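Welcome! Here is a short tour of one protein model, written for someone meeting it for the very first time. Have a look at the chain below, then read on.

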Amino acid sequence: MVIDLSHLKKAMRFITIRGPKYATFFVNTQCNRRCVYCVVAKRQNSELTAQTWNNIADQITNWGVCLISIVGGEPTLRKDLADIIRHASKKVLINLTSNGDFFAEVDGLKQLHSLTSAGLSSITLSLHELKDLERQIDMLLFAKKLGVVPILATVATKKSIEHLPEVMQITNKRGIFFRYSLCQTVGGDFSPVNVELQPAREQILVFTDIVWRQKQR
C-alpha cells in the first residue's frame, strides 16, 4: 500500500488542533437505490452548488475541522463531486461514502481513480447485500493500491447480522476496515419503518460478543 504523506500531515492536525474536528457534507439526496432501512430518499432537497460547498469547507477548516465525510444520497451521482473533493482536500482529510454501483460500471474504476486523484484520504463502500461482498472488496483493494484507506460498512439487519462476523474476518484479512451499525440514522430519525428489519436483542448480544472476541484476536 502506498502511503501518502500529505494524508499523515492532515491526520496530525486532527490530533493537535482544538475545536470542532469532524464535519459531514450531505451533498445530495438523490440515489439510484431504494434501501428499505434508509430515509434519505424521502428527504428530497435541492442541492447546494460546488462553489457553496467549497465556501463552507473554507469556513469550517478555519474553525479547525480536519476531516470531512462526504455522503448522500449517492454522492457519485454529482458530476462535480471531484471538484468538491479537490478543493476541500487541500486542507483536510476527505472520506467518501458510496454504494459503489457506478464504480462497477464500464470505466467505473477510472472514475474511482479520478476521485482518489482529486484528494480522497479514505473511501467507505456500503454493503447492502451479501452477494455484493466480493465486488465491494475488489473495488476497495483497488482504492487501497492508490493509497486510499479502504472501509466496508453495513447496516445490520435481522437477516444479515448472523453473517457479519464472517464478513468482518474476510475484510480484515484483506487489509480492509469493517464498520457496522445496528440501525441507520439521519438527523436523529430511525430509518427502519418495518420493525422486522431490526435485529432481535438476542441476536445483537451474540453478534457483539463474537465481534469483540475477533477484535481482541
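## A word before we start

A residue counts as buried when its relative accessible area is under 20%, and as exposed when that value is over 50%. With those cut-offs in hand, the helices below are easier to read. Please keep in mind that this is a predicted model.

## The chain as a whole

The protein chain holds 7 helices and 8 strands. Of its 217 residues, 46% are buried. The chain exposes about 11900 Å², and carbon and sulfur atoms supply 57% of that area.

How do contacts relate to distance along the sequence? Take the contacts between residues at least 6 apart in sequence: 81% of them join residues at least 24 apart.

## Helix α4 and its buried face

Helix α4 covers residues 108–118, and its buried residues are G108, L112, L115, T116 and A118. Seen down the helix axis, these buried residues fall within an arc of 155 degrees, so they line one face of α4. A general point helps here: an α-helix has 3.6 residues a turn, so residues three or four places apart point the same way. On the other side of α4, K110 and S117 are exposed.

What covers the buried residues of α4? The cover includes two helices, α3 (81–88) and α5 (133–145), along with the strands β3 (93–98) and β4 (122–126). After α4 comes G119, with a positive phi near 130 degrees.

## Helix α6, a second example

Helix α6 runs over residues 164–173, where L164, P165, V167, M168 and T171 are buried. Around the axis they cover an arc of only 155 degrees, which puts them on the same side of α6.

Against which elements do the buried residues of α6 pack? They pack against the helices α5 and α7 and the strands β5 (149–155) and β6 (177–181). G175 follows α6, and its phi is positive, near 75 degrees.

## Q214 in helix α7

Q214 lies in helix α7, which spans residues 201–216. Is Q214 buried or exposed? Its relative accessibility is 13%, so Q214 counts as buried.

Leaving aside neighbours within four places in sequence, Q214 is in contact with P165, M168 and Q169. With P165 there is a polar link as well: the side chain of Q214 reaches the backbone oxygen of P165 at 3.4 Å. P165 and M168 are also among the buried residues of α6.

## D101 and its partner R135

D101 sits in the loop between β3 and α4. Because its relative accessible area is 13%, D101 counts as buried.

Which side chain does the side chain of D101 meet in a polar contact? The partner is the side chain of R135, at 2.9 Å. Apart from neighbours within four places in sequence, D101 is in contact with N32, R33 and R135.

## L67 and L48

L67 belongs to strand β2, residues 67–71. With a relative accessible area of 19%, L67 is buried. L67 and T24 are 43 residues apart in sequence, and their C-alpha atoms are 8.5 Å apart in space.

L48 is found in the loop between β1 (22–26) and α2 (50–63). Its relative accessible area is 37%, so L48 is partly exposed. The C-alpha atoms of L48 and F26 are separated by 9.5 Å, and the two residues are 22 apart along the chain. Beyond neighbours within four places in sequence, L48 is in contact with W53, I56 and R78.

## Cysteines and aromatic rings

How many disulfides are there? The count comes to 0, where a disulfide needs two cysteine sulfur atoms within 2.5 Å. C31 is in no disulfide, and the nearest cysteine sulfur, that of C35, is 6.3 Å away. C31 counts as partly exposed at 23% relative accessibility, and C35 counts as partly exposed at 21%.

Turning to the aromatic rings, the count comes to 3 aromatic pairs. Ring pairs link F178, Y180 and F207 into a cluster.

Note on methods: Residues are numbered from 1 along each chain as its sequence is written. This is a predicted model: local features need pLDDT of at least 70, side-chain atom pairs count only at pLDDT 80 or more; totals for chains, interfaces and linings use all residues. Side-chain values use heavy atoms; hydrogens and water are left out. Helices (H or I, at least four residues) and strands (E, at least two) are DSSP runs, numbered from the N terminus. Buried means under 20% relative accessible area, exposed over 50%, partly exposed in between (1.4 Å probe, protein chains only). Contact means heavy atoms within 4.5 Å. Accessible areas come from the Shrake-Rupley method with a 1.4 Å probe; for residues, only the protein chains shown count as cover. A polar contact is a pair of N or O atoms within 3.5 Å; within protein, one must be able to donate a hydrogen and the other to accept it, and residues adjacent in sequence count only if both atoms are side-chain atoms. The arc is that of the directions from the helix axis to the C-beta atoms. Rings of Phe, Tyr and Trp (its six-membered ring) pair if their centres lie within 6.5 Å; planes under 30 degrees apart count as stacked, over 60 as edge-to-face and the rest as tilted.
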